[in-house]
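Student: I'd like a close look at a single part here. Please take it slowly and connect it to what surrounds it.

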Amino acid sequence: MIDMDGLIARFGPAIADFSSTIMHGLPHILDGMRFKSVVEIGTMNGLSAAELAMHCDHVTTIDVIDRPVVDEVFAFLGLTGKIDRVVVKDEAEKAKIIDGLTFDMAFLDGQHGRAGLLWDFALTRRCGCLLFHDYPKVVNPGDPEVYGWRQYPPELLVGDGAGFLLDGIVPAGVIERHPPFAWWRVINA
Ligand SMILES: C[S@@+](CC[C@H](N)C(=O)[O-])C[C@H]1O[C@@H](n2cnc3c(N)ncnc32)[C@H](O)[C@@H]1O
């Protein structure tokens with residue numbers, strides 16, 4: 001697990017933004033797992049990329065926003081060289097980059113709306129092992145324990161991407177739910 005205390009001491013508490021999946025249990029989800037090469041969509045401050053790097057030989061993390069602090073985070077954690085940080089200007093560039101990569105796992109944590117998540121799924125599914133964040137996205141503010149996307153009209157469901165995809169479409173493969181994460185894997189016969 002990455003050194004959160006050290007990171008906060010060095011970069012301040014904002015580095016541990018609540019939207020980082022480190023706060024939502026990513027280290028636990030990855031416990032005991034090992035991959036060769038991982039693609040992450042959604043770098044933010046680089047915390048999840050750093051955690052992923054501890055479970056594989058190489059990470060490529062992709063974002064649409066350039067946050068230079070991420071390079072400092074990787075250097076602080078001694079992970080420079082193990083993680084490629086890519087900032088793309090649009091989805092076409094993102095697709096081109098991903099098409100050129102070989103990877104055995106992808107972590108989808110960039111877009112969480114339906115269209116965006118379907119797109120990221122299409123770009124990465126060939127690796128056969130995806131980890132989704134924001135499964136399920138809570139859409140019932142009256143009862144945060146209930147994932148109620150079926151009760152709501154589509155215009156209220158902009159953020160339910162992984163739940164919509166994994167529960168609604170049920171893509172071929174095995175789905176393992178650990179809210180707010182879910183694995184999707186293709187089992188080779
Ligand atoms: C929830 S944050 C990622 C948190 C990070 N994975 C972590 O756990 O520390 C979502 C990130 O996705 C990025 N993002 C938004 N739209 C994107 C897109 N279309 N492609 C790639 N990244 C995107 C945002 O700039 C933001 O940094």
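Student: What sort of phi does glycine 78 take, just after H4, and what does the helix itself sit against?

Tutor: This is a predicted model, so local features need pLDDT of at least 70 and side-chain atom pairs count only at pLDDT 80 or more, while totals for chains, interfaces and linings use all residues. Residues are numbered from 1 along each chain as its sequence is written.

To your glycine: just after H4, glycine 78 takes a positive phi of about 70°. Helices and strands here are DSSP runs (H or I, at least four residues; E, at least two), numbered from the N terminus.

H4 itself spans residues 69-76, and Val70, Val73 and Phe74 are buried in it (20 or more other C-beta atoms within 10 Å of a residue's own, C-beta atoms being placed from the backbone). Looking down the axis of H4, these buried residues fall within an arc of 95°, so they line one face of the helix; the arc is taken over directions from the helix axis to the C-beta atoms. Their cover includes helix H1 (4-11), helix H3 (47-53) and strand S3 (83-87), with contact meaning C-beta atoms within 7 Å.

Follow S3 and you reach an open, mixed sheet of seven strands, ordered S3-S2-S1-S4-S5-S7-S6. S3 and strand S6 (174-178) stand at the edges with a single partner strand each, so one side of each has no neighbour in the sheet. For S3, strand S2 (56-63) pairs in the parallel sense over five bridges (pairing takes at least two DSSP bridges), and threonine 60 has aspartate 84 in S3 as its bridge partner.

H3 turns up again elsewhere: H3 and S2 each supply at least two residues of the shell around the ligand.

Note on methods:
Buried ≥ 20, exposed ≤ 12 C-beta atoms within 10 Å, placed from the backbone. Contact = placed C-beta atoms within 7 Å.
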